[in-house]
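Colleague: I have not looked at this structure before. Could you show it to me, then take my questions?

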Amino acid sequence: MLSADAKALAKRSVFLHRTYKMLRDARNIPAGKFLQPGKVHAVYKVLPNTMLPMPRLFDAYDAVAAIDAEGLAGDVAECGVWNGGCVGLMALSHLKNAGPRRRFHLFDSFEGLPQPTSHDKEVVEGFNAENHSVSSDDDLVAIGACAGISQPAVERFLVEQLELPREQFIFHVGWFEETVPRAVTSIDKIALLRVDGDWYSSTKVCFDHLYDKVVPNGFIIIDDYGTFSGCRKAVDDFLNSRGIRPEIHHSDQDCIYFRKP
Ligand SMILES: C[S@@+](CC[C@H](N)C(=O)[O-])C[C@H]1O[C@@H](n2cnc3c(N)ncnc32)[C@H](O)[C@@H]1O
């Protein structure tokens, strides 16, 4: 009896949590976006498993719909999946619009963020003040921030809750600095790259190794461009070093995306 009550309460709080997020973000989204009930329902299903506000979720859903409608070749990759909400949403979009043809690469430590480096200026000072033994910029040490559920739990969310096919997901578990360069040989093309790793080094390694895999007109989404100066620096340095001037779009004030020129 007690456990049934507890389950009912948990369900209610998930319901309340979803509804709160929907109402909070709704005014920032053009009304037309709500005219597609399939999309709104998909967003609603993943809300408890993502940190992203709804404008970014709608744009991620639409970006996958666009690569499918345009028949762009390549996989989808998200670097920084946390509890799997956004990657699950992108897979739902793909399933609805094109069937499960693409592979989805999920990169994460599944133990949260590593320590920031000296490039992450606004966070590193606070971090240094709280942590007396700061290791070097090259050390990858989990700091406990942004730690989500485990990799098997993310897999269960995708396969059991969202009812997505297990075969399409490829998990790359560990630090991007190790898993991303290692994955390059097993990825041919990328149609959509979503970079959501907060820090300079986490962003830089994704651009250094995965940008060239993105097909022309493919999507590149950077979740933290407006949030963290280290992330912004990694993106700007990369684009400047290549002389690339893409047309930037904004999902909101922090998250940007562009289509590869
Ligand atoms: C902001 S969260 C991602 C949010 C997620 N996309 C969502 O839908 O809510 C950032 C994630 O990036 C991961 N991360 C950041 N830097 C990393 C690195 N260098 N290696 C592995 N994982 C990293 C963290 O573990 C965390 O799960």
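The questions below go from the ligand to the strands, then to a helix and a loop residue.

Modeller: This is a predicted model, where local features need pLDDT of at least 70, side-chain atom pairs count only at pLDDT 80 or more, and totals for chains, interfaces and linings use all residues. Residues are numbered from 1 along each chain as its sequence is written.

Colleague: How many residues surround the ligand?

Modeller: A residue is near the ligand if its C-beta atom, placed from the backbone, lies within 6 Å of it. The closest include Thr50, Cys86 and Ser202. The number that surround the ligand is 23.

Colleague: Which elements give two or more residues to that shell?

Modeller: Helices are DSSP runs of H or I with at least four residues, strands are runs of E with at least two, and both are numbered from the N terminus. Two helices qualify here, spanning 85–98 and 176–183. They are H4 and H7.

Colleague: Which strands does S1 join by bridges?

Modeller: Strands pair if DSSP finds at least two bridges between them. Four bridges join S1 to a parallel strand at residues 104–108, with valine 76 opposite phenylalanine 104. Five bridges join S1 to another parallel strand, at residues 190–195, and there aspartate 75 has isoleucine 190 as its partner. The two strands are S2 and S4.

Colleague: Is the β-α-β unit of S1, H4 and S2 right-handed or left-handed?

Modeller: Point the strands away from the viewer: a crossover is right-handed if the path from the first strand over the helix to the second runs clockwise. The unit made by S1, H4 and S2 is right-handed.

Colleague: What does helix H3 reach from its first C-alpha to its last?

Modeller: H3 covers residues 54–69, with 16 residues. The expected span is 1.5 Å times one less than the number of residues. For H3 that gives 22 Å, and the helix comes close to it. Its reach is 22 Å.

Colleague: Is alanine 147 buried, exposed or partly exposed?

Modeller: Alanine 147 sits in the loop between H5 and H6. A residue is buried if 20 or more other C-beta atoms, placed from the backbone, lie within 10 Å of its own, exposed if 12 or fewer, and partly exposed in between. Alanine 147 has 14, so it is partly exposed.

Colleague: Which residues is alanine 147 in contact with, leaving aside neighbours within four places in sequence?

Modeller: Contact requires C-beta atoms, placed from the backbone, within 7 Å. With those neighbours left aside, the contacts of alanine 147 are Glu111 and Gly112.

How values were computed
Contact = placed C-beta atoms within 7 Å.
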